[in-house]
Structures are given as C-alpha cells and as structure tokens.
Amino acid sequence: MDRTWLHKLASPPHFYRIAGRLAPWLGWPALALILIGLYGGLVLAPADHQQGEGFRILYVHAPSAWLSMLVYATLALASGIGLIWRIKLAHAVALAAAPIGAWFTFVALATGSLWGKPMWGTWWVWDARLTAELILLFLYLGFLALHGAIDDTGRADRAAAVLALVGVINLPVIHYSVYWWNTLHQGATITKLGKPSITFDMLWPLLVMLTGFTLCFAALLTRRVQAEILRRERDAAWLRAELAR
Amino acid sequence: MNAARFLAMGGYAAYVWPAFGLACAVLLWNAWAARRAHARARAEAQRRLAGLEADA
Amino acid sequence: MASALRAVLLLYRRDLLLAFRRREQVLQPVVFFVMVTTLFPLALSPELAQLRQIAGGVLWVAALLASLLALEYLFRADHEDGTLEQLLLSGQPLVLLAAARTAAHWTISGLPLVVASPVLAVTLGVPAPALWTVAISLALGTGILSALGSVGAALTVGVRRGGTLLSLLVLPLAMPALIFGARAVALAIDGGGARGPLLLLAALCVLALTLAPFATAAALRISAE
C-alpha cells in the first residue's frame, strides 16, 4: 500500500501548504453555519415548555461542551501519533489544539453556569456535567503548564504527550466517578442540566451549531499549526521560499 | 416577532444574552488570536532568516 | 527474568535504606497529615457529631495532600547525581524499576499515613467499626496516588520548582479515587456497607498499579534525554 501520502502529510512544509489552502474552506463555512445556527436557535426554535426562553443557551452550551471533549480526543490522538511514530508535526498539532480546547471548556462552564442560575438559583452547582467539564479544564491547563515548563521543545512535546495519554485514559474514569458521585446526592431541588424534550424545530439549529463549531475548531487549528510550524522550522531554504510567497 | 420581546427573552435576557455574547466573543477572539499567532510566527521566521543570512 | 527481579528488589531496598537514613523525610508526610486534619476542627467546630459528617472527606483530602509532598523528590536526587541515567542504561526493564520506585514510595510515604489514619479518625469522631474501612480505603488510595504521582514526578523531574506543577498534574487524576474513598468512609460511618465504593477503589488501584509504571518509564526516558 502506497504510504507516501502519509509521509508527505507528516512533513511540515507540505502540511503547511495544505493547511493554508484549507483554512478559508473551513473558516467561512463555519461562520455561515454559526450565524444560521444562531438565527435558528434564537429566533426560529420554539420556546421550551418548562424552561421558556432560557433553554436557548443550550445552543452555545452543548456545542462548546461537545467540542471541549472532541478537542481533547484530538489532542490525545495527535500526542499518541507523535509518540508512537515519532512525528514532530503531530506534537505541534496537539500543542495548537490545547488552548482552543481550554477555551471551549471555559465557555461550556460559563454558559452552563448562566443556564443554571435561573433554574437553580445559584451561579454554580456541582452538577455532574459541569464538574466533569471543570476537571477537563484542569487537564487542559496541566498539559499547557507542563509543556511550558520544559525548555527543550522536543522533550516538552513528548512529556506533555505522555500526560495527554494518561489524561485520556483517565477521562472515562473521571466521568464515571463524577456521575456516580452526583447521583448520590440528588437533592429534591437539584435537577441535572436537563435537556428539554426536544422536537425537530429545536434540534436542527443545534446540529447546525455543532457542525459550525467543529469547522471553527478545524479552521483555528490550521492557523495555529501553521504558526507552530513556522516557529519550529529550521530549514532556511524552505522558510525563504515560503515567506517570499 | 416584536423586537422588544425578542430582546427580553421571556425574562431570561440577563442570562441568554451574556451566554451568547460570551460564546461569540470567545470564538471571535480565538479567530483573531490564531491569525495573529500566524502573523507573528511569520515575522519571527523572517527575522531568524535574516539573521542566518547575515551570518552566512 | 531472575536478574530483573533481583534488580527490582535491590532498588526497593536501596530506596528504603536511603529513606531511613533521613528519618525526618519519612515523618514529614505523617506530621503534615496530622496537621491538616487538625485544621478542620479548628476551622469548623469541635463538635464530634459535626466532624463525623465530614471525617471521610477530611481524612482523604489530608492524606492526598500529604502524599503529594513527598512526590517531588521521587526522582530528583537520582536525576541530579546521574543515578537515573545509570538505571536507564542498566538494561533492566525500566517499567519494573519504575514499579519498584513506586512501591518504595508507598512504603515510605503511604504506609505511615495508613497506620496513622485510624488514630486521626478517632479524633474526628469516627466510630470504631468504621476505622477498618478508613485504613483500607486509604491503603488503596495512597497506592493509587503513589502510582499516579510517580508518573507526574517522572514528567516534571527536570523542571525548576516542579512541586506545584506536579500537584496540579496529579490532583485531577486522583479525583476519582477521592470520590470513591471518601464515600466508602462516609458509608462506613453511617453504619452501612462500604463494599461498593471499596471495590471500585480497588479496581482503580489495580488499574493504576498496572498501567502507571509504563507511563512512568516512558516519562523517565523522555526526561533523561
């Protein structure tokens, strides 16, 4: 089987060019989808029976939460590829993805809190999902902190990659234990960050937002990886050629 | 739909609008930051290249 | 195979000997454990009835923090004087050596905490039948922490002032153990059976002890480059 395409992809100059060409094809559709999703979620979707207009926060909360986990999976996958096949570019992808994931996690937490306040009366509840998101944020920050603490880029890449893999293995454990913990203490007043019973008019803007957010992540990732490649590349000939474009 | 009613969001305005505002602000900031990171990396690479060629 | 086993035992014995030469290092985590536990009655209330409610959580958090203390130095001394490189070059499977180091750490830091825990539990109003659960849960918990902590210590071994970073990396990973362990103690205090959470904790312990040495070994190789 001809694997040269894989080798080509792992070469930074090649990836750089592909990423550059791909970026607008990811960014603009992302913007369009998000705008459509916003309109659908804010205007078109009918209000929920129980939660009224407040449930609309779902349209930013759920995509953010979903992305926070997708990005971590990406980060862990890239780290694994980097460690096993010793592809430095994979580590660059992981490093580029981390801040994006942390931001999505932060938005998930903040919007979750804003969603919860009118429902539960407090700005924060130790709801299973929010708690799990908080721990995920710790994992992201740990990854970035470890990478930043080691001066040598190669060592930093690999150490952070090990941490990412340990984290991704721990993630199901963390989820299970947090949900287990949360069900123990169900007070009468505390309900989960419940999804309202959902009809199609409510669902399609959510799917649109999800797709939009995912494309947005991909677009952000391409730009950040490009920056990372430029920062690491030592081949003067290629740099000269690329920067002259 | 009535604009005032839309903005009021059935009484949840104080929560809905900040939530959407925050999400959009974070996405826009990330978009700007990613582009800026790229531009900065280009500039630094130029400088590095110039330095190398000056030494050569 | 036999030489690997001998190497493991040698390393284990060496770590214990080194630790006992500096006995304060063995006592410090225990003293820290006692002090942190003392903070809670001071901060909250001397009422045993009230303390009993939170005893499981307090003991577990205190033990967690005390275990983190000793982790920073797990590989540091050997990294600085070159012993670590020797271990890497020794040709013995690094995974086993990592496991030996983890076991030694638990013996030096974790076991004393487990021994001290029933005494502290009594001061928090924990009834006698629950003391057994306290000790078992902490035995498992400190084991998990030694395993996870050794990964963190190996990753941060070259980092200046890596102690805080180490704690930040290890604590999220230790949260599941905390959940199950504290819950087990709480159930035991209420008189119920703690078997469910204890079994979950035991499962986590087995998982950590079997997988962590691989991560530790990988991290040591990376740090020694």
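This report walks through a predicted model with chains A, B and C, looking at the chains, their contacts and two helix pairs.

## Chain A

Let us begin with chain A, which has 245 residues. Its secondary structure is made of eight helices and zero strands, so reading along the sequence gives the pattern α-α-α-α-α-α-α-α. Measured out along the principal axes, the C-alpha atoms fill a box of roughly 65 × 40 × 35 Å.

Buried residues account for 49% of chain A. Contacts in this chain often reach far along the sequence: if you take those between residues at least 6 apart, 80% join residues at least 24 apart.

## Chain B

Chain B has 56 residues, with two helices and zero strands. Along its principal axes, the C-alpha trace spans about 70 × 20 × 10 Å. Its radius of gyration is 22 Å, whereas a compact globule of 56 residues would have one near 10 Å. Of the residues in chain B, 25% count as buried.

## How the chains meet

Two pairs of chains are in contact, and chains A and B share the most contacts. On that contact, chain A provides 30 residues and chain B provides 26. The side belonging to chain B holds 19 nonpolar, four polar and three charged residues.

Chain A also touches chain C, with 20 residues from chain A and 22 from chain C. On the chain A side, the elements giving two or more residues are α5 (128-149) and α6 (153-184). Helix α6(A) gives the most, with 12 residues. Sorted by class, this side of chain A has 15 nonpolar, three polar and two charged residues. And what about chains B and C? No contact joins them, and their closest C-alpha atoms lie 25 Å apart.

## Helices α4 and α5 of chain A

Two packed helices are described by the angle between their axes and the distance between the axes. Helix α4 of chain A, residues 88-120, packs against α5(A) at an angle of about 155 degrees, with the axes 9 Å apart. Because angles over 145 degrees count as roughly antiparallel, α4(A) is roughly antiparallel to α5(A). The crossing of α4(A) past α5(A) is left-handed.

If you would like to find this contact in the structure, look on α4(A) for residues including A:Leu95, A:Ala98, A:Phe106 and A:Leu109. On α5(A), the residues that take part include A:Leu130, A:Leu137, A:Tyr140 and A:His147. By class, the contact has 15 nonpolar, four polar and one charged residues.

## Helices α3 and α6 of chain A

Helix α6(A), already met at the contact with chain C, also packs within its own chain. Helix α3 of chain A, residues 58-85, and α6(A) have axes that come within 8 Å and cross at roughly 130 degrees. That angle makes α3(A) oblique to α6(A). Here α3(A) passes α6(A) in a left-handed crossing.

From α3(A), the contact is made by A:Tyr72, A:Leu75, A:Ala76, A:Ser79, A:Gly80, A:Gly82 and A:Leu83. From α6(A), the residues are A:Asp157, A:Arg158, A:Ala161, A:Ala164, A:Leu165, A:Gly167 and A:Val168. Together they come to eight nonpolar, four polar and two charged residues.

Methods:
Residues are numbered from 1 along each chain as its sequence is written. Chains are lettered from A and ligands numbered from 1 in the order in which they are written. This is a predicted model: local features need pLDDT of at least 70, side-chain atom pairs count only at pLDDT 80 or more; totals for chains, interfaces and linings use all residues. Two residues are in contact if their C-beta atoms, placed from the backbone, lie within 7 Å. Ala, Val, Leu, Ile, Met, Phe, Trp, Tyr, Cys and Pro count as nonpolar, Asp, Glu, Lys and Arg as charged, and the others, Gly among them, as polar. Helices (H or I, at least four residues) and strands (E, at least two) are DSSP runs, numbered from the N terminus. The radius of gyration is taken over C-alpha atoms; the globule rule is 2.2 Å times the number of residues to the power 0.38. A residue is buried if 20 or more other C-beta atoms lie within 10 Å of its own, exposed if 12 or fewer, and partly exposed in between; C-beta atoms are placed from the backbone. Axes are lines fitted to C-alpha atoms, for helices over the stretch in contact, and angles run from 0 to 180 degrees between N-to-C directions. Angles under 35 degrees count as roughly parallel, over 145 as roughly antiparallel, 65 to 115 as roughly perpendicular and the rest as oblique. A crossing is left-handed if the near helix is turned anticlockwise from the far one by less than a right angle, and right-handed if clockwise.
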